[in-house]
Amino acid sequence: MLTLKNICKSFYEKKLFTNLNLTVSKNDFITIIGSNGAGKSTLLNLISGKLQVDSGEIRLNDDDITYLKPYKKAKRLSRVFQNPLIGTSPSLTIIENLSIVSTKLQGYGLRFAVNKSKIDDFKSLLKKLKLGLENELNTKVGLLSGGQKQALSLLMATLAEPELLLLDEHTAALDPETSVTILKITDQLIKEKNIPVLMVTHNLQDAIQYGNRLLMLDKGKIVLDIKEKEKKNLKTEDLLLLFSQKSISLIS
Amino acid sequence: MLISVIEQGLIFGLLALGVYITYRILDFPDLTVDGSIVLGASVTAVLITSGYHPMMATVLAVLSGAIAGFVTGLLHVKLKISHLLSGILVMISLYSKNLRIMNSPNIQFFQYDTIFIIPKWILLGLVVVVVKLLLDIFFKTKIGMVLRITGDNPQLITSLGVDIGKMKIIGLMLSNALVALSGALLAQYQRFSDINSGTGTIVIGLASVIIGQSLFKIRLITNTTAVILGATVYKLIQAYTLKLGLLANDFKLITASLIVLILGIHHLKSQRTDALC
């Protein structure tokens, strides 16, 4: 469970968040939408520690993680970025990438990174992606396509049992078809692992289709928080209408 | 003559391995090496002339190199000084330090025992092969793989829950330890250590890495082997140009031109493949 309490964040004179509160429960798969500058990415950056809050408190499963360094937070939460190059190491092979991330919690000593007994486990995980990667274990990740890299990033992000998964427009750089594949894989992995997720997206349809809860951010405020049943009945047109209404009301 | 070229190639192969770790793996152009190679040589020279066992002298020289790398890393990671400047600062301070250590601009130790109790090329070959194999194994361990990722994708290091600063420091220590080992062996090979012998070492290391990786881009040859072979080819070219009657002093210009040429060809090649895609 993740709780944000009275989060304030300004950039120089410009205030973005004032007393933002948000509770993410264990089974939440939250999609976050909002126009540019609404604070979606900043929100993820504050949680992951890339940016620091001015005041307020961030708790993950009852531990205060507000001022933890990003690399320490990373032991507990994972993030997949828009750029497929960020989640993997290009000059390492698929098996090496998977192996190194699978030992994230045990630490990195002088034992061999690739554990042969785990290869079959990795193969079956890769098989589920249905991209044929299970036959390319010794291929360098730099040679894979953007979609394949992003699928691998997702797998790697969920491999070490994180307590929270942050998805930062992770399909925005992919073509529409690949984007659908990656979202399906995302949904499947999340359901298997049963971890809370925050997914930022610009695609309203995706925001409705996936997850159990939808947040709309505008100028640092949560202007819409739709849950479960209500969300299921939501249509893109409704959302667009709400989107423009909120924007207009905030302008006037 | 060929034997002596190979021997020197092996000695500089260790330097090349050190430069390979910083330049290729960490993506950290480390100029400390100009100082740490002399540090390795001068520590060895002083210890041998004061009666230490050559083996002990060599080990302590390697440790001194690791310390130099540690300081460069500290400047960069903790004080946020740029990588180039951190290296330059340590290199410059090592110049004074090395003068202090040797207490004179150079030391000869022709009448002392060195590590070379068996034919030089055999011993050097053994050392280089052992170091190379240990490095290959190291790069397959967890920590070694994390080191490889450090230069490859720094953001992933943070995602893996690792302090990237720590990895840079480890890499710099390892690199400069190898460079100091190269210096320690060079001093014992020549039975001589000189304060000015380090100038331009980084360029020799870079040339070896670049030559090795361009010439020996074959699947069966690991990067570490390629880099050592690169150093040997470099020494061959050097010996050949000297034979042609070029002055030793001109060779630095030739080296620099060679690097520019190879990197230029690389750039043009990659531009062409980009255009084809």
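Chain A of this predicted model falls into two domains: domain 1 covers residues 2-90 together with 147-251, and domain 2 covers 92-139. Domain 1 is thus written in two stretches of the chain, with the residues of domain 2 numbered between them. If you place a marker at the C-alpha centre of each domain, the two markers lie 27 Å apart. Where the domains meet, 18 residues of domain 1 of chain A and 15 residues of domain 2 of chain A take part in the contact.

How much area do these two domains bury between them? The size of an interface is often given as the accessible area lost when the parts come together. For domain 1 and domain 2 of chain A, that area is about 1,700 Å², and carbon and sulfur atoms give 67% of it. On the domain 1 side, look for A:Lys75, A:Leu155 and A:Leu159, which lose the most area to domain 2 of chain A and together account for 30% of what that side buries.

Polar groups also take part in this interface. Between domain 1 and domain 2 of chain A there is one salt bridge. The side chains of A:Lys128 and A:Glu192 meet in a salt bridge, with 3.7 Å from N to O. Five residue pairs, both members at pLDDT 80 or more, are in polar contact across the interface of domain 1 and domain 2 of chain A.

Which elements of domain 1 build the side that touches domain 2 of chain A? Strand E6 (77-80), helix H5 (146-159) and helix H6 (176-193) of chain A each supply at least two residues. H5(A) gives the most to that side, with six residues. Sorted by class, the side of domain 1 of chain A that touches domain 2 of chain A has 10 nonpolar, six polar and two charged residues.

Now turn to the meeting of the two chains. Here 29 residues of chain A are in contact with 20 residues of chain B. Chain A and chain B bury about 2,200 Å² between them, with 65% of it on carbon and sulfur atoms. On the chain A side, three aromatic names are worth finding on your screen: A:Tyr71, A:Tyr108 and A:Phe112 lose the most area to chain B, together 27% of what that side buries.

Between chain A and chain B the count is one salt bridge. The side chains of B:Arg148 and A:Glu96 meet in a salt bridge, at 3.5 Å from N to O. The count of residue pairs in polar contact between chain A and chain B, both at pLDDT 80 or more, is 11. Helix H2 (70-73) and helix H3 (94-102) of chain A each supply at least two residues of the side that touches chain B. H3(A) gives the most to this side, with four residues. By class, the residues of the side of chain A that touches chain B divide into 16 nonpolar, eight polar and five charged.

Next comes a sheet in chain A. Strands of a sheet pair through backbone hydrogen bonds, either parallel or antiparallel. This one is an open sheet of four strands in the order E2-E1-E4-E5 (chain A), with antiparallel pairing. Strand E2 (14-24) and strand E5 (63-64) of chain A stand at the edges with a single partner strand each, so one side of each is left without a neighbour in the sheet.

You can walk across the sheet one pairing at a time. Strand E1 (residues 2-11) of chain A and E2(A) pair in the antiparallel sense over seven bridges, and the bridge partner of A:Lys9 in E2(A) is A:Phe17. E1(A) is also joined by five bridges to strand E4 (residues 55-60) of chain A, again running antiparallel. There, A:Thr3 has A:Arg59 of E4(A) as its bridge partner. A:Arg59 in turn stands opposite A:Asp64 in E5(A), and E4(A) and E5(A) pair over two bridges in the antiparallel sense. These two strands form a hairpin with two residues between them, and A:Asn61 in the turn has a positive phi of about 45°.

Finally, consider the salt bridges of the whole structure, which number 12 over all chains. One joins A:Glu163 to A:Arg76, with the closest N and O atoms 2.8 Å apart. This pair links distant parts of the chain, 87 residues apart: A:Glu163 sits in the loop between H5 and strand E7 (164-168) of chain A, and A:Arg76 in the loop between H2 and E6 of chain A.

Conventions
Residues are numbered from 1 along each chain as its sequence is written. Chains are lettered from A and ligands numbered from 1 in the order in which they are written. This is a predicted model: local features need pLDDT of at least 70, side-chain atom pairs count only at pLDDT 80 or more; totals for chains, interfaces and linings use all residues. Side-chain values use heavy atoms; hydrogens and water are left out. Domain bounds come from an automatic or database domain assignment. Contact means heavy atoms within 4.5 Å. Buried area is the accessible area (1.4 Å probe) that two parts lose on being put together, summed over both. A salt bridge is a side-chain nitrogen of Lys or Arg within 4 Å of a carboxyl oxygen of Asp or Glu. A polar contact is a pair of N or O atoms within 3.5 Å; within protein, one must be able to donate a hydrogen and the other to accept it, and residues adjacent in sequence count only if both atoms are side-chain atoms. Ala, Val, Leu, Ile, Met, Phe, Trp, Tyr, Cys and Pro count as nonpolar, Asp, Glu, Lys and Arg as charged, and the others, Gly among them, as polar. Two strands pair if DSSP finds at least two bridges between them.
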